[in-house]
Amino acid sequence: MVKTGFNIGKLFFKNPVLTASGTCGYGQELKDFLPPEKLGGIILKGMTNEPREGNPYPRMAETPSGMLNSVGLQNKGFDYFEKYIYPQIKSFDTNIIININGNTIEDYVELASKVTTLEKIPAIELNISCPNVKMGGMAFGTNPDTARKVISAVRKVYPHVLIVKLSPNVTSIEEFAKIAEDNGADSISLINTFLGMSIDVKRMRPSLATVTGGLSGPAIKPLALRMVWQAAKSVKIPVIGIGGIMNAFDALEFIMAGATAIQVGTALFIDPQAPLKIIHGIEQFLLEKGITDYSNLIGCINK
Ligand code: SIN
C-alpha cells in the first residue's frame with residue numbers, strides 16, 4: 001500500500017482525488033457508482049444564500065474535446081441544503097466541501113458564516129470564478145481589488161480551511177494566486193472554466209441561451225496545466241489542480257507540475273467511476289517508480 005494522504009492546514013485528505021463542484025451534485029448521485037469514502041473529498045455544487053433559478057436553456061453544449069456550460073449557479077439556497085441535503089450526506093467519511101457564491105461581498109460573508117454552523121463541513125471553496133453570472137463570480141475573481149476584498153472578508157468570519165477557486169480568464173494567474181495567499185487562503189484551486197462560446201450553424205443561433213459559457217474538458221488541459229504550474233511556483237500554500245483531467249496520467253501531470261491534489265469534473269459525465277480509476281492509477285505509478293513519499297511527486301518537474 002502506498003500512502004497518498006496530505007494536509008491542507010489541519011485538514012487531512014486521505015488521497016489527492018476530489019470531485020469538482022457542479023459535476024456530481026451533492027455527492028448522493030455518486031453513491032450508485034462509487035463509495036464516497038474512497039474519495040479525497042467532494043466539492044458540492046455551487047451554493048448561494050438564496051435559491052437561484054439559474055440561466056435560461058440551453059445551458060450546455062458539446063464542443064470538440066470539451067463542454068460549454070452556463071448553468072448560472074442554479075441551487076435551492078443554504079436553508080434548503082441545511083434542512084434536506086446535509087442530513088443525507090453528513091455521514092460520508094470524506095471531506096465534504098461547500099463551494100460558496102454570492103452577488104456581493106456581504107453575500108459571501110453571510111454564507112461563509114452560516115457554513116461554520118455545519119459541523120461536518122470542514123472547508124469551503126470560495127468561488128470567485130464562475131463565468132456565467134452577471135454579479136459576483138468571475139467579476140470578483142478577475143479584478144485584483146475585489147478579489148482581495150472578498151477573500152479577506154470571508155477569511156475574517158471563516159475559521160476553517162479556506163480554498164479559493166481561481167479563474168483562468170486573467171492575464172496573470174500568479175497575481176491572483178498571490179492575492180489569495182496574502183489574504184489568508186489555505187489553498188487555491190484552479191482553474192475554473194474558460195469563457196467560450198459556440199454557434200449552432202444550422203439554427204443560426206448561439207448554442208447557449210446566454211451566448212457565452214464556461215469551457216471545460218480535455219480541450220483546456222494544457223492551458224490549465226500551464227496555469228497550475230505557474231501558480232504553484234508563486235505561492236507556498238497547496239494548489240489543487242483542475243482542468244480536463246480524464247485519467248491517472250492527466251492527474252499525474254498536474255501533480256508533477258505542483259498540484260498537491262486534483263479535482264475531476266467533466267470526466268464524471270463520461271465515467272462516474274473515473275475518480276476511483278485515477279486514485280488507483282496514481283498509487284500504481286508510485287509503486288512502479290518506488291516512490292514511497294507522495295510529497296516527492298508534487299512539483300517534481302521543478303526540483
Ligand atoms: C455555473 O453554475 O454556471 C457554473 C459554476 C462555475 O463555473 O463556477
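A residue counts as buried when its relative accessible area is under 20%. In this predicted model, that cut-off says a lot about helix α7, which spans residues 248-257. Of its 10 residues, 7 are buried, so the helix is largely enclosed by the rest of the structure. The buried ones are Ala248, Asp250, Ala251, Leu252, Phe254, Ile255 and Ala257. Their cover includes two helices, α6 (221-234) and α9 (274-289), along with the strands β15 (239-242) and β16 (261-264).

The ends of α7 are worth a look too. At the N-terminal end, Asn247 acts as a cap, with a side-chain oxygen 3.1 Å from the backbone nitrogen of Phe249. Just past the helix comes Gly258, which takes a positive phi of about 130°.

Next up is strand β9, residues 161-165, where 5 of 5 residues are buried. In a regular strand, side chains alternate between the two faces of the sheet. Both faces of β9 turn out to be covered: Val161, Ile163 and Lys165 are buried on one side, and Leu162 and Val164 on the other. Strand β8 (residues 123-127) runs parallel to β9 and is joined to it by 5 bridges, with Glu125 partnering Ile163. Strand β10 (residues 187-190) is also parallel to β9, this time through 3 bridges, and Ile163 stands opposite Ser187 there. To get from β9 to β10, the chain passes through helix α5 (residues 173-182), making a right-handed β-α-β crossover.

Then there is the nonpolar interior. The largest nonpolar core has 97 residues, and those with the most contacts inside it are Phe81, Val154, Val164, Ile188, Leu190 and Ile262. Ile188, setting aside neighbours within four places in sequence, touches residues including Ile163, Val164, Ala231 and Ile240.

Aromatic rings add some links of their own, with 6 aromatic pairs in the structure. One of them, Tyr26 with Phe81, is tilted, at 5.8 Å centre to centre and 35° between the planes. Tyr26 sits in the loop between β3 (17-19) and β4 (41-43) while Phe81 belongs to helix α1 (residues 77-89), so the pair ties together parts 55 residues apart in sequence. Both Tyr26 and Phe81 are buried. Another pair, Phe249 with Phe285, is edge-to-face, at 6.4 Å centre to centre and 80° between the planes. Phe249 lies in α7 and Phe285 in α9, so this pair connects parts 36 residues apart in sequence. Phe249 is exposed at 62% relative accessible area, whereas Phe285, at 14%, counts as buried. Finally, ring pairs link Tyr26, Phe81 and Tyr86 into a cluster.

Definitions and conventions:
Residues are numbered from 1 along each chain as its sequence is written. This is a predicted model: local features need pLDDT of at least 70, side-chain atom pairs count only at pLDDT 80 or more; totals for chains, interfaces and linings use all residues. Side-chain values use heavy atoms; hydrogens and water are left out. Buried means under 20% relative accessible area, exposed over 50%, partly exposed in between (1.4 Å probe, protein chains only). Helices (H or I, at least four residues) and strands (E, at least two) are DSSP runs, numbered from the N terminus. Contact means heavy atoms within 4.5 Å. A polar contact is a pair of N or O atoms within 3.5 Å; within protein, one must be able to donate a hydrogen and the other to accept it, and residues adjacent in sequence count only if both atoms are side-chain atoms. A nonpolar core is a set of buried Ala, Val, Leu, Ile, Met, Phe, Trp, Tyr and Cys residues joined through side-chain atoms within 4.5 Å. Two strands pair if DSSP finds at least two bridges between them. A crossover is right-handed if, with the strands pointing away from the viewer, the path from the first strand over the helix to the second runs clockwise. Rings of Phe, Tyr and Trp (its six-membered ring) pair if their centres lie within 6.5 Å; planes under 30 degrees apart count as stacked, over 60 as edge-to-face and the rest as tilted.
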